Structures are given as structure tokens and as C-alpha cells.
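Please open the structure in a viewer and follow the selections below in order. Each stop names what to select and then what is found there.

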Amino acid sequence: MLTERIDFPGPHGKLSAKLDAPTGTPRAYGIFAHCFTCSKDVLAATFIARGLASLGVAVLRFDFAGLGASHGDFADTNFSSNVEDLVAAADYMRDKFAAPQLLIGHSLGGAAVLAAAQRVPEAKAIVTIAAPSDPHYVVNKLLGEHLDTIAQLGEARVKLAGRDFNIRQHFVEDAGRHQLHEKIATLGRALLVMHAPQDDTVSMDNATRIFELAQHPKSFISLDGMDHLITRREDAAYVAGVISAWSARYLDAGAAHA
């Protein structure tokens with residue numbers, strides 16, 4: 001397995017990425033969208049992408065604008081900009097390697113994948129991991145106690161995952177404009193929903209709603225005993241193995257090229 005550092009143009013400046021690929025010709029390419037306020041180097045993204053690479057699927061994991069090594073100010077970003085970054089990543093892969101047939105999103109990244117899927121026509125298989133069924137869930141769950149301050153002052157300093165971030169009113173408003181139920185219902189791709197019943201960050205109800213809204217073919221895997229961020233290496237290896245086995249039915253190896 002090889003890991004290549006890559007920069008590619010995004011709507012708000014340079015986006016930083018890593019491509020984890022098998023030593024031989026990949027049987028397919030995919031994209032991994034990381035969790036809210038995380039980065040491409042968070043344990044789940046790293047272990048799952050490398051796990052898939054070891055099983056023959058090349059995966060591009062990238063930092064959303066304003067996070068990790070990507071350009072931009074996080075305070076200027078929102079759910080819409082995340083979706084645009086994802087589409088830019090797919091465009092880059094289509095031009096430089098091969099179009100991504102597999103889209104994987106973790107937490108809010110999962111919601112972004114659902115929102116962006118129809119703009120990546122080559123994507124045949126979609127995977128959500130611990131994803132909210134609607135981006136506004138994140139606003140209510142993580143930002144609820146700050147909403148009055150944000151409304152009054154236009155922004156607030158919020159501690160998320162041990163770090164401070166400036167959250168502005170446009171983030172709240174933008175999240176409210178995205179209703180994913182129609183996109184999920186008309187996804188038109190194979191969907192794998194993965195969620196832990198014990199997840200105390202994004203409740204299991206979200207996975208249930210995504211699964212119920214989606215049309216077949218769809219599958220659900222319970223990540224029993226795993227934490228929201230999937231911080232254990234063995235858990236990430238299990239997730240990667242399941243995604244590889246499930247997606248093999250839908251990926252067209254003939255579409256990938258070195």
C-alpha cells in the first residue's frame with residue numbers, strides 16, 4: 001500500500017489530501033469525507049482508507065476548507081461549502097486518476113456525501129458512517145446552547161472535540177436550508193448505512209431515517225460497541241472490511257485505470 005500527498009484546487013483555495021492506494025492497479029477509486037471539525041488524518045479516516053487500499057480500493061481522503069492543511073477560514077465555511085469541496089475532489093479524481101465509484105462519509109461527512117452523490121454520476125456505491133439524516137441535527141445537537149449568542153452577535157466561539165471554533169450565523173442558516181430527505185429517497189445508488197446503537201453524538205434514529213427513506217438496494221450494518229469517532233484500530237479495520245466486501249458487488253473494475 002502507498003500513501004501519496006496531494007493538493008488540488010477547491011472552490012475556496014487549495015485543498016489538501018492523501019491518496020491511499022494498493023501497490024498494484026486499484027480495482028476502483030473512492031473518496032472519504034471526514035467528520036465535522038475533523039481532518040483527513042483523524043484515526044477513522046486514516047485506518048479505513050488504508051484498510052480499503054490494502055483490499056484493492058484506492059481512497060482519497062481530504063481536508064475540507066479551513067481544516068487540516070487545506071486553505072480557507074473554517075468560520076467562512078458551511079455545509080454547502082463542504083458539498084462543493086466534495087464535488088471538487090471528485091472532479092480532480094476524474095481528471096487525474098479515475099472517477100470515484102465509491103463515496104464514504106463519516107458523521108457530517110456522511111450527510112455531505114448524500115447531498116453530493118447526484119453530482120458524481122459515476123458513484124455507484126454510497127456509505128454513511130454515524131451520519132446525521134439532516135445537517136441541521138448537528139446544529140441542534142452540538143450548537144444548541146450557543147444559538148442565541150450566534151443569533152445576537154453573528155457568531156460564537158464554540159468548543160468542539162476539545163478545540164475552539166468560530167461558528168457564524170450563516171453556518172446555522174445554511175444547515176437549515178438543506179433538507180436531505182428527497183436526496184436520500186431519490187439517491188438511485190446502492191447505499192450502506194453503518195451506525196452504532198450506542199452512539200451518543202449522532203443518535204441511532206438518524207440511521208433509521210436514512211435507511212427508511214432510501215430505496216433498494218440498501219443495507220444496514222450495526223457498529224455495535226463502537227464510539228462515534230471510531231477511534232479503535234480494530235473497529236476501523238472491521239468497517240473497512242465490510243465496506244470492501246459490500247461494495248465489490250457494485251464497483252466496476254474496468255472503469256479504474258492507473
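**Stop one: helix H4**

Select helix H4 (residues 136-143), whose buried residues (under 20% relative accessible area, 1.4 Å probe, protein chains only) are Val138, Val139 and Leu143. They cover an arc of only 100 degrees around the axis, taken from the directions to the C-beta atoms, and therefore lie on the same side of H4. This is a predicted model, in which local features need pLDDT of at least 70, side-chain atom pairs count only at pLDDT 80 or more, and totals for chains, interfaces and linings use all residues. Residues are numbered from 1 along each chain as its sequence is written, and side-chain values use heavy atoms, with hydrogens and water left out.

Next, display the partners of H4: its buried residues pack against (heavy atoms within 4.5 Å) elements including helix H3 (108-116), helix H5 (147-153) and strand S7 (155-160).

**Stop two: helix H8**

Select helix H8 (residues 204-213), where Asn206, Ala207 and Ile210 are buried. Their arc is likewise only 100 degrees around the axis, which puts them on the same side of H8. On the face turned away from that buried side, look for the exposed residues (over 50%) Asp205 and Glu212. The buried residues of H8 pack against H3 and H4, among others.

**Stop three: helices H1 and H9**

Finally, select helix H1 (residues 43-54) and helix H9 (residues 233-247), whose axes come within 8 Å and cross at roughly 45 degrees. In H1, Phe47, Ile48, Gly51 and Leu52 meet residues of H9, among them Arg233, Ala236 and Ile243. The residues of this contact divide into seven nonpolar, two polar and one charged.

Definitions and conventions:
Axes are lines fitted to C-alpha atoms, for helices over the stretch in contact, and angles run from 0 to 180 degrees between N-to-C directions. Helices (H or I, at least four residues) and strands (E, at least two) are DSSP runs, numbered from the N terminus. Ala, Val, Leu, Ile, Met, Phe, Trp, Tyr, Cys and Pro count as nonpolar, Asp, Glu, Lys and Arg as charged, and the others, Gly among them, as polar.
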